[in-house]
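Work through the exercises below with the sequence and the structure side by side. Try each task before reading its solution.

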Amino acid sequence: MAENLSRNRTPEVQRLKAGSVGLVGVVFMAVATAAPITAMTGNLPIAVGFGNGTGAPAGYLFATIVLTVFSVGYVAMARRITAAGAFYGYISHGLGRIAGMASGMLAVLAYIVFEASIVGVFAYFAKTTVASQLGVDLPWILYAAAMLTVTAVLAYFDINLTAKALGVMLVAEVAVLFAVATAVLLKGGGPDGIPLEPVDPANAFTGTSAGLGLFFAFWSWVGFESTAMYGEESRDPKRVIPRATLFSVIGVGLFYIYVSWMTIAGNGLDRAVEVSASASPLDLFFDPTRSFIGAWAVDAFQWLLLTGSFACGMAFHQCASRYLYAIGREGFLHPALGRTHPGHGSPYIASYVQSAIAVVLVGAFWLTGQDPYIHLYTLLAILGTMAILIVQTLCSFAVIGYFRRNHPEDRHWFRTLTAPLLGGIGMTAVVVLLVLNMETAAGLAADSLFFALIPWIVGAVFLGGLGLGLYLRARQPERYEIIGRIVLEDAAERDDPTPQPATL
């Protein structure tokens with residue numbers, strides 16, 4: 001088998017710094033990409049106002065169940081394969097190198113555009129918050145430039161530095177959401193008390209557009225799968241990554257259900273729908289915050305929207321850098337991408353490239369007069385989400401193929417067959433929900449040319465990856481053989497940061 005090729009055929013590569021981050025750090029990185037405060041304030045009002053209404057918390061419950069089932073197969077792969085390329089490596093082992101290359105290109109596309117997208121929402125929050133609270137009105141591009149600069153500097157160093165920074169910001173944003181929700185609960189809710197209708201599973205499929213509500217529920221988790229990318233840098237990857245993944249899915253899911261339920265309860269059932277569909281949807285959160293805690297908490301909430309979106313963008317930058325690094329060290333795109341810093345062990349060349357791409361994307365939207373929230377954030381988020389959902393779907397089926405062909409002794413009726421099969425079917429349904437509700441999700445940006453090109457961009461990148469895989473198989477078989485095959489084989493806990501040898 002390809003995994004057992006001899007070491008003398010293995011390309012020499014530079015490794016990421018092993019032992020840099022533990023379970024808590026990986027969880028912080030993954031949850032930061034999901035961005036709880038951005039997911040709640042950005043997605044819940046749309047779900048309540050235009051989707052499944054007050055059944056939105058039940059929609060989060062449904063999404064938690066589906067993603068947990070998906071994660072069962074995902075963590076089964078994580079226990080076998082440790083690689084910075086995550087999906088790229090998993091799919092190449094489970095569905096073949098050609099599918100792996102196509103999926104890897106889609107994953108690269110997704111994480112590359114996610115950073116620029118989050119820069120847009122950060123710039124929007126920064127501009128509005130600074131103007132309203134400090135009376136200083138600056139162009140949004142200045143805030144975007146500041147975020148891009150700080151992110152690039154932090155990413156140059158050891159991943160542990162980023163994990164610590166994200167930890168502080170993540171704790172703060174989770175704390176404010178939890179505080180508001182708990183204040184509502186302890187004071188008995190709003191005009192309707194603490195109603196049970198929002199968490200009735202049947203109500204996940206009701207409302208104006210249940211499909212739209214469910215899509216935004218699933219959208220709130222985008223990025224949780226990034227846990228696997230930090231396997232090579234974690235202290236005990238075979239244990240840390242599975243645990244971090246399940247915690248990120250289940251823990252974040254329970255948090256979303258609780259916060260969305262109490263937010264609706266704090267407003268009251270009818271008013272929650274009314275406010276969410278108004279011109280000031282953030283009042284869905286600000287009104288109960290003001291009523292149950294105080295006006296000062298609303299000011300704090302607005303500042304935490306900045307730090308939360310910044311943490312999300314920084315986490316996505318790390319994801320994109322590691323995908324570029326994973327592909328670069330195997331000789332695709334450019335081998336320089338596969339270099340790591342001699343002292344920090346970071347993929348600093350890939351990080352530079354990702355920063356440059358983000359600057360170009362943000363600059364292009366600014367120069368063409370686009371809005372940072374309506375266009376930059378929304379359009380690139382939809383593009384990246386479509387790409388990553390397709391990759392997640394393929395990953396589910398890759399689990400089945402991998403254990404059937406490579407490790408029949410580890411096959412299990414649920415972990416390696418039923419769960420990934422159900423997860424794949426569930427993720428396919430989410431892709432369909434995105435396609436059916438894409439125009440509504442885009443809002444005012446749906447009239448733009450870029451919106452019309454999104455499916456074509458995703459299709460072109462995927463077909464380009466397929467074409468590259470087929471070309472390599474026919475013309476450069478030695479390069480074809482290593483697609484997705486540079487993995488870290490050691491499963492023992494690693495306290496020594498010495499770079500590990502590359503294996504196939």
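The exercises that follow deal with helices, buried side chains, a surface patch and salt bridges.

The model is predicted, so local features are given only at pLDDT of at least 70 and side-chain atom pairs only at pLDDT 80 or more, whereas totals for chains, interfaces and linings use all residues. Residues are numbered from 1 along each chain as its sequence is written, and side-chain values use heavy atoms, with hydrogens and water left out.

**Exercise 1.** Find out whether the end-to-end span of helix H2 agrees or disagrees with the value expected at 1.5 Å a residue.

*Solution.* Begin with the terms: helices are DSSP runs of H or I with at least four residues, strands are runs of E with at least two, and both are numbered from the N terminus. The expected span of a helix is 1.5 Å times one less than its number of residues. Helix H2, residues 36–50, has 15 residues and should therefore span 21 Å, and its end C-alpha atoms, 20 Å apart, agree with this. Next, look for a bend, which is the angle between axes fitted to the seven residues ending at a residue and the seven starting there. H2 bends by about 30° at asparagine 43, and proline 45 follows within four residues.

**Exercise 2.** Describe the length, the kink and the cover of helix H3.

*Solution.* Helix H3 runs over residues 56–80, and its 25 residues reach 36 Å from the first C-alpha to the last, close to the 36 Å expected. A kink of about 25° is centred on valine 72. For the cover, use relative accessible area: buried means under 20%, exposed over 50%, and partly exposed in between, with a 1.4 Å probe and protein chains only. In H3, 19 of the 25 residues are buried, and the helix is mostly covered.

**Exercise 3.** Is threonine 245 buried or exposed, and which backbone atom lies 2.8 Å from a polar atom of its side chain?

*Solution.* Threonine 245 lies in helix H9, residues 237–267. Threonine 245 counts as buried because its relative accessibility is 0%. The backbone atom is the oxygen of isoleucine 241, which lies 2.8 Å from a polar atom of the threonine 245 side chain.

**Exercise 4.** Name the residues that make the nonpolar surface patch of about 430 Å².

*Solution.* A patch is made of residues with over 30% relative accessible area and no salt bridge, where like charges are joined within 9 Å and nonpolar side chains (Val, Leu, Ile, Met, Phe, Trp, Tyr) within 5 Å. Here the residues are Leu134, Val136, Leu138, Leu142 and Trp303. Leucine 138 is found in the loop between helix H5 (97–134) and helix H6 (140–156), and with a relative accessible area of 34% it is partly exposed.

**Exercise 5.** Which parts of the chain does the salt bridge between arginine 80 and aspartate 410 link?

*Solution.* A salt bridge is a side-chain nitrogen of Lys or Arg within 4 Å of a carboxyl oxygen of Asp or Glu, and the structure holds 6 of them. In the salt bridge of arginine 80 with aspartate 410, the closest N and O atoms are 2.2 Å apart. The pair links distant parts of the chain, 330 residues apart, with arginine 80 in helix H3 and aspartate 410 in the loop between helix H14 (372–405) and helix H15 (414–442). Arginine 80 is partly exposed at 31% relative accessible area, and aspartate 410 is partly exposed at 29%. Finally, Arg80, Glu409 and Asp410 are linked in a network of salt bridges.

Definitions and conventions:
Areas by Shrake-Rupley, 256 points an atom, 1.4 Å probe, with all protein chains shown as cover. Polar contact = N/O pair within 3.5 Å; in protein donor to acceptor, adjacent residues only side chain to side chain.
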